[in-house]
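Visitor: Please take one part of this structure and go through it closely. I would like to hear about the sheet and about the open and closed spaces around it.

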Amino acid sequence: HIAPGTLTAVIAPSGAGKSTFLKSIAGINKPTAGTVQFDGFSVYENYELLSSRIGMVPQDDVLHTSLKLDTALNYAAKLRLRVDGGAQERKAQVERVIERLELENNRGTVISKLSGGQRKRASVALELLTEPSLLILDEPTSGLDPAMDRQVMKTLRELAVDDRGVLVVTHSVAQLDLCDDVLVLAPGGMPAYYGPPRGINNFFGSTDWADIFAVIKDDPEAAYQRYL
């Protein structure tokens with residue numbers, strides 16, 4: 001359950017099914033069992049209706065790297081926004097997301113020249129154009145240094161404060177204190193823990209993720225049964 005105003009992290013060993021899980025939540029993949037509901041509607045059955053309310057930032061940037069940042073966002077706004085105010089309203093929304101992601105000094109920069117952290121914030125800005133109620137991110141801190149890692153996670157924390165649910169797959173275990181909830185997946189996509197970060201030590205008897213991952217990889221079914 002992802003409530004508005006909350007940040008939920010998904011962490012798991014490699015190959016556990018994190019990206020598959022995210023695509024199911026976003027309505028891209030149809031679950032073989034169970035349901036995904038958004039405000040009482042099936043996400044998969046009502047994808048066209050709900051897709052603008054769910055933002056998905058994939059692991060690989062989808063921005064056109066040869067364009068300047070503001071140019072890319074304005075093109076995206078023309079494609080995505082259906083607004084009564086026309087060009088002026090679209091431009092105002094682009095300005096809002098640039099300011100929200102603190103990219104004012106980079107608006108005229110060609111995207112290929114942005115740093116890794118700036119490019120990731122630009123990808124988030126692209127999804128925020130439609131003001132989604134749920135923002136999903138697949139490993140947004142991958143390849144970033146620890147300081148930039150912290151900055152991106154703090155930005156996601158702030159975005160959740162805007163009465164938006166944020167779901168993030170991350171290897172950034174050092175920043176879990178910024179999250180409201182943590183979902184730990186065992187191989188096969190089975191939940192091994194779901195709850196606040198402060199409960200992890202009591203549940204697993206450790207906060208060493210190398211040890212935790214070794215245990216759940218060794219016997220995923222046992223990890224799932226313990227969770228149940």
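Guide: What follows is a walk across the sheet, then through the spaces, and last to a few loop residues.

This is a predicted model, in which local features need pLDDT of at least 70 and side-chain atom pairs count only at pLDDT 80 or more, while totals for chains, interfaces and linings use all residues. Residues are numbered from 1 along each chain as its sequence is written, and side-chain values use heavy atoms, with hydrogens and water left out.

Some terms come first. Helices (H or I, at least four residues) and strands (E, at least two) are DSSP runs, numbered from the N terminus. Two strands pair if DSSP finds at least two bridges between them.

The sheet is open and has six strands, in the order S4-S5-S6-S1-S7-S8, with mixed pairing. Strands S4 and S8 are at the edges with a single partner strand each, so one side of each has no neighbour in the sheet. On average, neighbouring strands are turned by 15 degrees against each other, direction ignored. For such angles, axes are lines fitted to C-alpha atoms, for helices over the stretch in contact, and angles between N-to-C directions run from 0 to 180 degrees.

Begin at the edge strand S4, residues 54-57. Ile54 and Met56 on one side of S4, and Gly55 and Val57 on the other, are all buried, which leaves both faces covered. Buried means under 20% relative accessible area, exposed over 50%, and partly exposed in between (1.4 Å probe, protein chains only). In a regular strand the side chains alternate between the two faces of the sheet.

S4 runs parallel to strand S5 (residues 134-138), and four bridges join the two. Across from Gly55 in this pair is Leu135 of S5. S5 in turn pairs with S6 in the parallel sense, over five bridges. There Ile136 has Leu167 of S6 as its bridge partner.

Two helices pack on the sheet. Helix H1 touches strand S1 (7-11), S4, S5, S6 and S7, and its direction makes about 160 degrees with that of S5. Helix H6 touches S1, S5 and S6, and its direction makes about 155 degrees with that of S6. Contact here means heavy atoms within 4.5 Å.

Now the spaces. On a 1 Å grid over the protein atoms alone, a cavity is a set of points where a 1.4 Å probe fits but cannot get out; a pocket is an open set with protein on both sides within 12 Å along at least five of seven lines; lining residues have an atom within 4 Å of a point. Grid points are joined across faces, edges and corners, and a volume is the space filled by probe spheres set on the points.

The largest pocket has a volume of about 1000 Å³. Its lining has 35 residues, of which His1, Ile2, Phe21, Ile25 and Val36 lie nearest the centre. Helix H1 (18-26), strand S2 (37-38), strand S6 (165-169), strand S7 (181-186) and strand S8 (190-195) each give two or more residues to this lining. H1 supplies the largest share, four residues. By class, the lining holds 18 nonpolar, 14 polar and three charged residues. Ala, Val, Leu, Ile, Met, Phe, Trp, Tyr, Cys and Pro count as nonpolar, Asp, Glu, Lys and Arg as charged, and the others, Gly among them, as polar.

The second largest pocket holds about 250 Å³ of space. Strand S4 gives the largest share of its lining, three residues. Among the lining residues are Ile54, Gly55 and Met56, along with Tyr47, Arg80 and Glu127. This lining has five nonpolar, four polar and two charged residues.

The whole structure has one cavity of 30 Å³ or more. Leu101, Lys120, Arg121, Val124, Val152, Thr155 and Leu156 line this cavity. Helix H5 (116-128) and helix H6 (146-161) each supply at least two of the lining residues.

Two loop residues on either side of H6 close the tour. Most residues other than glycine have a negative phi. Glu139, in the loop between S5 and H6, has a positive phi near 50 degrees. Glu139 is buried, at 11% relative accessible area. Asp163, in the loop between H6 and S6, also has a positive phi, near 65 degrees. Asp163 is exposed, with 57% relative accessibility.
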